[in-house]
Amino acid sequence: NARPPRHIPLPNHERKAAHRDPLFKVLMILVIIVGTINIAIFASLDNVLSKELASMHLPSMHLPDSNEDKRHSSYFLQEVTLEDLTGNIQKKGDDNKADENNGETANNEDTDDKERIIDILERAGETLNLEEIADLPTWSSVMAQYGSEPVIVGLDTCEQFQSMVPEEEAWIAPAGLFNTGTNLISLDLTKNCYLPKKQKKYGTSGVRWQVPWGKHTPATWRLKHRAESKWARSVNITSIFPIVTIKDPYHWMGSMCRKNYEAIWPHTQKNCPNLIKEHDNTINEVQVKYSKTDPSKIVKHESLVGLWNDYNRLYADASFPRLIVRYEDLVFHHDYVVSKVCECAGGSLRPAMKILKNNAKGIQQAHASANDLKSAIMRYGSIEKRGEGFSDRDLSFAESKISKELMDLFGYKIESNLIQ
């Protein structure tokens with residue numbers, strides 16, 4: 001009655017047969033693979049959970065000494081479960097993804113706000129890389145300074161001019177202060193506009209580079225002065241349709257600091273526009289030499305602000321037909337301005353509108369500091385460039401002296417938040 005053996009081994013030949021069974025081998029391989037995968041998963045999860053615990057700044061833990069401690073410790077340990085930790089990891093991943101999405105949204109919105117700027121440059125033949133696009137001003141910055149629509153003063157005089165002057169005898173010619181884009185409007189019109197009847201009769205588009213009384217001279221000189229050219233001395237003054245350019249006074253004074261032309265007043269590159277003297281707060285008078293040989297043609301103005309006020313007021317109040325266009329609109333609303341000016345003068349547009357890419361003043365030494373299109377957009381589209389170099393004293397003086405009437409008429413702003 002001996003007890004039966006607990007395990008009866010298989011005969012040797014049966015054990016060898018089992019090891020040779022292909023199914024048995026496959027099962028063993030699967031067991032090894034699954035075991036290896038589980039070990040790797042748990043090792044990886046342990047590493048992640050360790051890092052997560054370290055980043056969670058959990059309070060230090062101690063071994064429970066009393067039943068009360070055990071209850072609190074048990075409660076705490078129940079709260080920090082695997083689900084909590086993995087949920088926290090998932091939340092951090094979602095937060096990171098949200099941050100990335102917000103960054104992409106901000107970048108997309110910024111690019112969208114520059115779309116019109118990019119279009120202007122691309123139409124002019126500019127190729128922009130990502131760094132250049134990032135540096136461009138936004139359309140919001142342009143609108144903040146100049147409004148959403150271009151401003152043209154004098155459109156009510158178009159019909160008057162066309163009824164007074166036969167098309168074949170008419171001329172379109174620019175005028176304006178130094179640094180306001182008189183060359184730009186001349187070349188823009190030459191490339192894009194012509195008077196058909198004049199072209200047919202005389203073989204010329206009818207666009208000149210300046211009015212015969214001199215493009216920078218005051219409007220009151222129209223019937224009193226002639227520039228030194230055969231055409232200027234012989235043309236009928238009333239056949240001229242002046243296209244006057246104006247620039248935001250803060251940006252304009254910055255331009256005058258870079259190149260003052262025939263305007264003379266005390267200033268340096270480091271201290272400009274220097275509207276009033278630092279030591280006694282007296283105003284720095286400006287003299288403009290309209291002739292290098294005739295002292296009677298030197299005109300004095302109270303200040304640089306006074307020069308801007310005096311010159312532009314004369315054209316704004318003029319009784320003869322003329323248009324006044326903003327330089328900034330030539331840059332940011334090119335097609336509209338050129339089309340309106342050409343139509344107003346009785347002209348026709350050429351088949352394809354062209355935007356000037358390069359410096360409108362060419363390579364003349366006197367105009368070496370002029371902006372090309374990209375530089376103009378960077379400067380005049382930027383609020384940060386407006387009032388650049390002005391001292392607090394200059395800003396205060398300018399705000400008190402700039403003609404509010406002219407600023408309103410041309411849609412320019414005096415608000416301090418638009419002057420850096």
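This report walks through the core, one covered helix, a surface patch and the charged pairs of a predicted model.

**The core**

Let's start inside. The largest nonpolar core holds 95 residues, and the members that touch the most others are Leu189, Ile243, Met253, Leu304, Trp308, Tyr315 and Phe332. Helix α13, running over residues 304–316, is the top contributor to this core, with seven residues.

Tyr315 is a good one to click on. Setting aside neighbours up to four places away in sequence, tyrosine 315 is in contact with Ala175, Trp213, Thr217, Ala219, Val244, Phe320, Arg322 and Ile324.

**A mostly covered helix**

Leu189, one of those core residues with the most touching members, also turns up among the buried residues of helix α9. That helix spans residues 182–192, and eight of its eleven residues are buried. Besides Leu189, the buried set is made up of Thr182, Asn183, Leu184, Ile185, Ser186, Asp188 and Asn192. What lies over them? The cover includes strands β2 (171–176), β3 (193–194), β4 (240–246) and β9 (348–349), along with helices α14 (327–332) and α15 (334–344).

**A buried lysine without a partner**

Now for a charged residue on the inside. Lysine 198 sits in helix α10, residues 196–202. It is buried but makes no salt bridge. How far away is the nearest side chain of opposite charge? That is glutamate 169, at 5.0 Å, and a salt bridge needs the nitrogen and the carboxyl oxygen within 4 Å, so the pair does not count as one. Leaving out residues up to four places away in sequence, lysine 198 touches Glu167, Glu168, Glu169, Ala170, Trp171, Gly203, Thr204 and Gly206.

**A nonpolar patch on the surface**

Over on the outside, Ile29, Ile33 and Ile37 make a nonpolar surface patch of about 270 Å². Isoleucine 33 belongs to helix α2, residues 22–55. Is isoleucine 33 buried or partly exposed? Its relative accessibility is 41%, so it counts as partly exposed.

**Salt bridges**

The whole structure has ten salt bridges. Three of them are set out here, with the distance between the closest N and O atoms.

| Salt bridge | Closest N and O atoms |
|---|---|
| Lysine 374 and glutamate 132 | 3.1 Å |
| Aspartate 310 and arginine 313 | 3.9 Å |
| Lysine 385 and glutamate 388 | 3.6 Å |

Take the pair of lysine 374 and glutamate 132, with closest atoms 3.1 Å apart. This one ties together distant parts of the chain: lysine 374 is in helix α16 (residues 373–380) and glutamate 132 in helix α6 (residues 130–135), with their positions 242 residues apart. Glutamate 132 has a relative accessibility of 25%, so it is classed as partly exposed.

The pair of aspartate 310 and arginine 313 stays within one helix: both are in α13, three residues apart, or about one turn. Aspartate 310 is partly exposed because its relative accessible area is 32%. Arginine 313, at 31%, is likewise partly exposed.

That leaves lysine 385 and glutamate 388, which are bridged at 3.6 Å. Lysine 385 is partly exposed at 31% relative accessibility, and glutamate 388 is partly exposed at 40%. Elsewhere, salt bridges with shared partners join Glu126, Glu132 and Lys374 into one network.

Note on methods
Residues numbered from 1 in each chain as written. Predicted model: local features only at pLDDT ≥ 70, side-chain atom pairs only at ≥ 80, totals over all residues. Heavy atoms only, no water. Core = buried A, V, L, I, M, F, W, Y, C linked by side-chain atoms within 4.5 Å. Buried < 20%, exposed > 50% of the residue type's maximum accessible area, 1.4 Å probe, protein only. Helix = DSSP H or I, 4+ residues; strand = E, 2+ residues; numbered from the N terminus. Contact = heavy atoms within 4.5 Å. Patch = residues over 30% accessible without salt bridge, like charges linked within 9 Å, V, L, I, M, F, W, Y side chains within 5 Å. Areas by Shrake-Rupley, 256 points an atom, 1.4 Å probe, with all protein chains shown as cover. Lys, Arg positive; Asp, Glu negative; His and termini not counted.
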